[in-house]
Amino acid sequence: MSLRTFFRTTIAAALLSVAGAAPAQQLINGYEPKWWKEAVVYQIYPRSFKDSSGDGIGDLPGITSKLDYLQKLGVNVIWLSPHFDSPNADNGYDIRDYRKIMTKFGTMSDFDTLLAGIKQRHMRLIIDLVVNHTSDEHRWFMESRSSKTNPYRDFYIWQSGHTAADGTRTPPNNYPSYFSGSAWTLDPKTDEYYLHYFAVKQPDLNWGNPKVREEVYSLMRFWLDKGVSGFRMDVIPLISKPTGLPDLTSEQLKNPPSAYANGPHLPEYLREMDREVLSRYDDMSVGEATGTTLAQTASLVDDRRHELNMIFNFDAIRLGRPEFGDTEIKAWSLPELKSIYDSHSRVLTKHDWDTVFLSNHDSPRIVSTFGDDSSSAMRVLSAKLFETMVLTLRGTPFLYEGDELGMTNYPFKTIADYDDIAVKNAYKAQVETGKVPAANFLAYVAKIARDNSRTPMQWDSSANAGFTTGAHPWLAVNPNYKQINAAQEETDPDSVLNYMRAMIKLRVHTPAFVYGDFEDLDPQHPHVFAYTRSLGAEKYLVVETSAQARSSMRSPTV
Ligand code: TEU
C-alpha cells in the first residue's frame, strides 16, 4: 500500500467512523432524546377541574385560572380530556363537532387564551383525539343513517344482521359493547345494524374508507396548526376491525378488548397518519391501548416503524381487575406488580419508549386502589409511595388531576350517586335482569367506578371545595374535601402536594430518571420494591416498602 493510499484509506475510515458515530454521540444511553421523553404529563378532566361560570361544570377559563398552580407543581405537558362539542353521552368522548368547543366549557377564544397561557409558562398542551367513533349526532352519522345510498353511508360500519324464519332480527355477530349489551344497534330508518364498541350513541367510524382517514388527518392538522403539541389517542388500536367480523369464540369473550384491538390494518393506518400529519410537526402521540399486550406495545412504539411515540399499556393499572363482565376484585401481590415493570424493561428496547401511570379518568383513585386510604397517615404515605414510583420508574409519567393531593375514592352508596354510562348500563344489564344481586354490584362498582376519579377537584375548604360557586356541581364533591384540598396542603410542608412538587422537580432535573436503565434488585421480595436507575456513572436507588405482608388491593405502603 502506498503512503497516499494509506492516508486516503485511513481518512476515509476516520470519516466513516465520525459519520457512524455522529448520531450515537447524540444518543443518551442509546435513546434518542425527545422533549416528550423528558416530560411530566398532567391530565385534566375539564368537567371536574375548575368551574368559572357557576353552572357546576368545569370550563376552559377555570383551567386558565389554575395555570400558575400547575406551573408551580412543575408539570410541563397538559393533556386535556375532550373539550369538543358533544351531547355528553360519555362526557365528551362522543364528539359532535371536532372543530367546536363544548358550549359548557367556553368558546374558541377561551381555548386560545388557555393555550397562550400554557405556552407563556413554557408548558405544552396535548388534546384527546377520539376517532374510533363519533357521536351519533355528528353530521357524518346523521347523513350516514339517512339512507343506504348517502355518500356518508360508508363512513360507519353497517350490516343487515340475521333474520330468522319468523322475522326476528339478530345482530351480525356476538360482539359485546364495552358499555354492556350488544355492540350492534338496529337503526329503523334503513333497517340495518351499525357497530358501536362503546355506547349506542358512539357509532364506530369505518377506517377502511380513505375519506374517513382524510377527514381525521384534516382535523388533526386543524388543532396542530393552532399550536397544540400532540394527541392522546383514544382507543386507537380499535380503529382496524377484525377481518370479516366473525363471532368471538368463548375464550375471546372473556377478553373482547384483546380480540377487537390491533386489527390487520392498524400499522398501515398509523403509518399513513404519521406520514400525512404527525411527522410534519414537533408533536407527541400517546395511544390509549386497550387490549394490547406487551409484545404488541413494542411494535406500536418502535421508532423505526413510525407508528406511535408511546402507548398506555394497561398491565399495571388493571392489576386485580376481573375479566370482562365479572364483578370480583382479584387479590394481587407486590411481586406481581413489580414483574410488570421488570418485563417492560426487558421487552422494550432503546427504540421503544414506555409510559408510567396508575390513574386516569377511567380508573378509581390511586390511594384507594393500590394504597391505603383508611387513615389520614396511611393515605398520605401511600400517595407519596405510588407517586414516587410513577415519577422514578422507566417511561414518561402521566399524573391525573387530584393525584397530587392524594384524593380518594368517593363513598358511593346507591346507583343514583353515579353519572357514568358504563355503570348505569351495567346496572341495567346485571342487576335489573337479576343476574347479580344489587348489593354485590354496588360494592364492586364503588371500588372500580370511573366516577371515583371524576368528582370535582378539591381546591379549598369553602363550599363545594372551591370547585364551583354554584350550588350544584355536576357530580358530588367528595365529603372529605375539608381535610383534603390544595389550600390546606399548600401550608403543610409534609403534604402530598409539597412532596409531589419536590419529586417532579427531581424527575425533571435528573436525566438518570428519564434515560437511565432500570434494575429491580429483589423481584421476589414480598414487601420491598427496590430498584436502581443508572445513567453512566450516575446511579439512583429507590426503595419502597410495605408495612404489611398482605396480598390484597391494599398492600404496599411506605
Ligand atoms: O376508554 C376505553 C377503555 O378501554 C376503558 O378504559 C373504558 O373506559 C372502560 O373499560 C369502560 O368501562 C376510552 C376513554 O378513556 C373513555 O373515557 C371512553 O369512555 C372510551 O374510550 C370511549 O371513548
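## Rings, charges and a few odd backbones

The charged end of Arg153 sits over the ring of Trp158, and the distance to the ring centre is 3.8 Å. Keep in mind that this is a predicted model. A second arginine does something of the kind: the charged end of Arg99 is placed over the ring of Phe222, 5.5 Å from the centre.

Phe222 also brings us to the aromatics. It belongs to one aromatic cluster together with Phe84, Tyr98, Phe111, Trp140, Tyr152, Phe155 and Trp223. Across the structure there are 39 aromatic pairs. Take Phe141 and Tyr194, for instance: their planes stand at 70 degrees with the ring centres 5.0 Å apart, so this pair is edge-to-face. Phe141 comes from helix 6 (residues 139-146) and Tyr194 from strand 10 (residues 192-195), so the contact ties together parts that are 53 residues apart in sequence. Both Phe141 and Tyr194 are buried.

Another edge-to-face pair is made by Phe314 and Phe357, with 6.4 Å from centre to centre and 70 degrees between the planes. Here, too, distant parts of the chain are linked, 43 residues apart: Phe314 is in the loop between strand 13 (310-312) and helix 11 (334-347), while Phe357 is in the loop between strand 14 (355-356) and helix 12 (366-369). Phe314 counts as buried because its relative accessibility is 16%, under the 20% cut-off. Phe357 is buried as well, at 5% relative accessibility.

Now for the backbone. Two residues other than glycine have a positive phi, and here is how they look side by side:

| Residue | Phi | Relative accessibility |
|---|---|---|
| Ser180 | about 75 degrees | 26%, partly exposed |
| Ala465 | near 55 degrees | 0%, buried |

Where do you find Ser180 in the chain? Look in the loop between strand 8 (169-170) and strand 9 (184-187). Ala465 is also a loop residue, placed between helix 16 (451-454) and helix 17 (486-491). Is Ala465 buried or exposed? With a relative accessible area of 0%, Ala465 is buried. Ser180, on the other hand, counts as partly exposed because its 26% falls between the 20% and 50% cut-offs.

Finally, a look at the surface. Leu521, Leu541 and Val543 make a nonpolar patch of about 290 Å² there. Leu541 is part of strand 18 (residues 538-545). This leucine counts as exposed because its relative accessibility of 55% is over the 50% cut-off.

Technical notes. Residues numbered from 1 in each chain as written. Predicted model: local features only at pLDDT ≥ 70, side-chain atom pairs only at ≥ 80, totals over all residues. Heavy atoms only, no water. Helix = DSSP H or I, 4+ residues; strand = E, 2+ residues; numbered from the N terminus. Buried < 20%, exposed > 50% of the residue type's maximum accessible area, 1.4 Å probe, protein only. Patch = residues over 30% accessible without salt bridge, like charges linked within 9 Å, V, L, I, M, F, W, Y side chains within 5 Å. Areas by Shrake-Rupley, 256 points an atom, 1.4 Å probe, with all protein chains shown as cover. Salt bridge = Lys/Arg side-chain N within 4 Å of Asp/Glu carboxyl O. Phe/Tyr/Trp six-rings, centres within 6.5 Å; stacked < 30°, edge-to-face > 60°. Lys NZ or Arg CZ within 6 Å of the ring centre and 35° of its normal.
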